[in-house]
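Here is a friendly note to read alongside the model. Please keep the structure open and follow the numbered points one by one.

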Amino acid sequence: VLDSKDLKIKNVTDQSTGQQLSYSLGDKLEVFGSRLEIRLPTTNGNKLNISIEYDTSPEASAFQWLTADQTAGKRQPYLFSQCQAIHCRSFVPCQDTPSVKFPYTAKITAPKEITLLMSAISTGSETDSSDSTKSIYRFEQKVPIPSYLIAIVGGDLESRDIGPRSKVWSEKEFVDAAAFEFSETETMLKTAEDLCGPYVWGRYDLLVLPPSFPYGGMENPCLTFVTPTLLAGDKSLADVVAHEISHSWTGNLVTNKNPEHFWLNEGHTVFVERKIQGRMNGEPLRQLSAAEGWNDLQQSVVDVLKNGPYTKLIPDLRGVDPDDAFSIVPYEKGFTLLYHLETILGGPDEFEPFLKAYIEKFKYKSIDSTQWKDFLFSFFQSKVDVLNKVDWDTWFSAVGMPPIKPEYDESLAVPCQELCDKWSASSDSDLSQFSAKDITMLTSNQIRIFLYKVLLLESPLSLIKVKKMEELYKFNDRKNSEIRLKWLLLCLKVHWEDSIQYALKFVNEQGRMKFVRPIYRALYAWEGSRDTAIKNFLSKRPEMHTTTAELVAKDLHLGSS
């Protein structure tokens, strides 16, 4: 029994005998596709080798196909896949669940002008002997992986070496800038190895995708996919790369058994990411990042998810499309639990050995939260009394914010809060105390935190103040996507009509859901921009990634079709 979605099955064959095998496709379910059931021959204990010949659909949810005009270089068309969470079934018939892991090999034919890459090690390429205009590429992934980590990309790609086991790939328009931005990759890898153990995947390459890619990054083994918004000076560049590198252990090597336990992937990965950040850039920055994560979690839990069922660390997702449940919760609520445990169990010197032992214990496996918790108790046998005081039911199963807020060092946020308080207390009639110099000594992290604190003011700033802020600080000229997001949300909150054009420009030039969805939700919430937002979305929908388009349609209350 295999998962399939929109696949045209032509035949199923027992390769050892050439026998055609009978099969049936069940009724299609909108999200989950169709059950492909194959009648297997008698094996007498021997291994079977089965071939399934099939076509994918042009609308396969795993793929985005771009015309040459939709690329930076406008020379060749472009293909990339995104199989997480359950889209691999539209790519290949498989057991499309993270509870099943497998190695894979691939042989792909493409026009010679197209460079092909996969989430695997390249084992060579040659000209197609039957068609000299095409090349054949071969790949092998020896480490067992879940289906969501199968990935493919094809396009007019170039690479640059950025370390002894790493290249960065992109269209040539971005490749040199990307090589510069990702120059610390090897240092991050070595730091992660010190925390988590040996890197087992051989290569760690990065691919900068076209702007429509819906995520900041995707941890495909051997070939991390990243958004081009990172090349615009985002603070999140180092965070995203550290995050995806961390997935090489937490997620790819040790994997959640099903999406309900997604926090095992993402909570641990954020925890390791911030460990890397602290070791490379100092503990105060790690603390600031953790505090900011708490703020983002609070905004998501309270304002977006309304303390609903998807705010549980382990939600009930039976019959639910995992994409619909996707949020910051498993990332930041999971991190908060791990940070809290590290604190009460004796700090990093006690907890970091557990992290490495956990990865060693469960590598190449898929597990659930009970297995994780049982190992935690077995590792800290001398501190079971401490662990028994943890309110596990609330952490795992209660909606809302975590039961405990850690005490983070927020010293780097003090100037952000002071500037926010100054704006809040000032009078609309006298804003002369502010100048462009207010933010010259603030990092991009701190500017973003300042804007976040302004957004959360109980008494919102007036439109007059926001206009003055733009006059002095020139936020509309910023390229940093994280700052642009917070700034545009503030402008839309105070109903500044001039900001609508900037908001639409932002969502049209890139497709990262972290940015696109909050902006569209804000545009929809304001009656003055609602119709314009819907009209813009409908006109741009054909160019958007399937996952992004489906979820934004729901944000705009348009349904999914």
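1. Let us begin just past helix H2, where Gly197 takes a positive phi of about 110 degrees. Bear in mind, as you look around, that this is a predicted model. Helix H2 itself runs over residues 185-196, and its end C-alpha atoms are 16 Å apart, in agreement with the 16 Å that 12 residues should span at 1.5 Å a residue. Its buried residues are Thr185, Glu186, Met188, Leu189, Thr191, Ala192, Leu195 and Cys196.

2. Leu195 of that helix leads us on to Leu355. Setting aside neighbours within four places in sequence, Leu355 is in contact with Leu195, His268 and Val272. You will find Leu355 in helix H8, residues 348-362. Is Leu355 buried or exposed? Its relative accessible area is 2%, so it counts as buried. Phe32 makes a useful landmark here: it is 323 residues from Leu355 along the chain, and their C-alpha atoms are separated by 34 Å.

3. Helix H8 also takes part in a salt bridge, in which the side chains of Glu352 and Lys275 meet at 2.9 Å, N to O. Glu352 lies in helix H8 and Lys275 in helix H4, so this pair ties together parts that are 77 residues apart in sequence. Both of these residues, Glu352 and Lys275, are buried.

4. While you are at helix H4 (residues 262-281), have a look at Thr269, which is placed there. Thr269 is buried, with a relative accessible area of 0%. Which residues does Thr269 touch, not counting those up to four places away in sequence? They are His243, Ser246, His247 and Thr250.

5. The structure holds 32 salt bridges, and a pair between strands is worth a visit. The side chains of Arg138 and Glu126 meet at 2.8 Å, N to O. Arg138 lies in strand S12 (residues 134-145) and Glu126 in strand S11 (residues 121-127), so the pair ties together parts that are 12 residues apart in sequence. Arg138 is partly exposed at 31% relative accessible area, and Glu126 is partly exposed at 32%.

6. Another salt bridge joins the side chains of Arg286 and Glu283, at 3.0 Å, N to O. Both lie in helix H5 (residues 283-304), 3 residues apart, about one turn of the helix. Arg286 counts as buried at 6% relative accessibility, whereas Glu283 is partly exposed at 35%. Elsewhere, salt bridges that share partners join Asp194, Lys275, Arg279, Glu342 and Glu352 into one network.

7. Now move to helix H12, residues 414-425, which has 12 residues and reaches 16 Å from its first C-alpha to its last. Its buried residues are Cys416, Leu419, Cys420 and Trp423. They cover an arc of only 100 degrees around the axis, which puts them on the same side of H12. The face turned away from that buried side carries the exposed residues Glu418 and Ala425. What covers the buried residues of H12 includes helix H13 (444-455) and H14.

8. Finally, Lys465 lies in helix H14, residues 463-473. What is the nearest side chain of opposite charge to Lys465? It is Asp428, 4.3 Å away, and Lys465 is buried yet has no salt bridge. A salt bridge calls for a distance within 4 Å. Beyond residues up to four places away in sequence, Lys465 touches Trp423, Ser424, Ser426, Ser427, Asp428 and Leu431.

Definitions and conventions: Residues numbered from 1 in each chain as written. Predicted model: local features only at pLDDT ≥ 70, side-chain atom pairs only at ≥ 80, totals over all residues. Heavy atoms only, no water. Helix = DSSP H or I, 4+ residues; strand = E, 2+ residues; numbered from the N terminus. Buried < 20%, exposed > 50% of the residue type's maximum accessible area, 1.4 Å probe, protein only. Lys, Arg positive; Asp, Glu negative; His and termini not counted. Contact = heavy atoms within 4.5 Å. Expected span 1.5 Å × (residues − 1). Arc of directions from axis to C-beta.
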